[in-house]
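Here is my note on the model you sent. Please read the points in order, with the structure open beside you.

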Amino acid sequence: MADVTEVSKVIAPVNLQSQADAELDRQLRELKFRQELRKDWILFIVRDVVMFSAAIAFVFAICGYCLFTLISRH
């Protein structure tokens with residue numbers, strides 16, 4: 001019976017350390033997920049929103065120039 005008590009005294013700190021490691025690992029994975037999500041949103045804004053807006057502005061500028069040249073000829 002004394003051996004069982006000694007073993008439980010050894011296992012208890014190891015088990016607490018394992019739980020702390022697991023909690024730290026979970027927090028690290030959650031932080032990494034948030035960083036990836038933030039990076040994805042920044043890439044979405046830069047790539048899709050800014051580039052799409054610039055392309056639309058370019059198309060409107062070309063159309064405006066063409067319309068101006070057609071109107072100024074007559």
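1. Begin with one pair of charged side chains. E30 and R26 form a salt bridge, and their closest N and O atoms lie 3.0 Å apart. Keep in mind throughout that this is a predicted model.

2. Why can these two side chains meet? E30 and R26 both sit in helix α1, which covers residues 2-73, and they are four residues apart, so about one helical turn separates them.

3. Consider next how open this pair is. E30 has a relative accessibility of 32% and counts as partly exposed. R26 is also in the partly exposed class, at 36%. The reason is the cut-offs: buried means under 20% and exposed means over 50%, so a value in between is called partly exposed.

4. E30 has a second partner. Its side chain also meets that of R34 in a salt bridge, with 2.6 Å from N to O. The spacing is again four residues within helix α1, about one turn of the helix. R34 is partly exposed, at 48% relative accessibility.

5. A further salt bridge links E36 and K39, where the closest N and O atoms are 3.6 Å apart. This pair is three residues apart in helix α1, which again amounts to about one helical turn. E36 has a relative accessible area of 39% and is partly exposed. K39 is partly exposed too, at 43%.

6. Some of the bridges should be read together. E23, R26, E30 and R34 belong to one network, because salt bridges that share partners join them. For E30 the two partners have been named above: R26 and R34. In total, the structure holds six salt bridges, so a description of the model should not stop at the pairs discussed here; the count rests on a cut-off of 4 Å between the nitrogen and the oxygen.

7. Now the whole chain. How many helices and strands does the protein have? There is one helix, and there are zero strands. The salt-bridge pairs E30 and R34 and E36 and K39 both lie within helix α1.

8. Last, the surface. What share of the 74 residues counts as buried? The figure is 0%. The accessible surface of the protein is about 7100 Å², and carbon and sulfur atoms account for 71% of that area.

How values were computed:
Residues numbered from 1 in each chain as written. Predicted model: local features only at pLDDT ≥ 70, side-chain atom pairs only at ≥ 80, totals over all residues. Heavy atoms only, no water. Helix = DSSP H or I, 4+ residues; strand = E, 2+ residues; numbered from the N terminus. Buried < 20%, exposed > 50% of the residue type's maximum accessible area, 1.4 Å probe, protein only. Areas by Shrake-Rupley, 256 points an atom, 1.4 Å probe, with all protein chains shown as cover.
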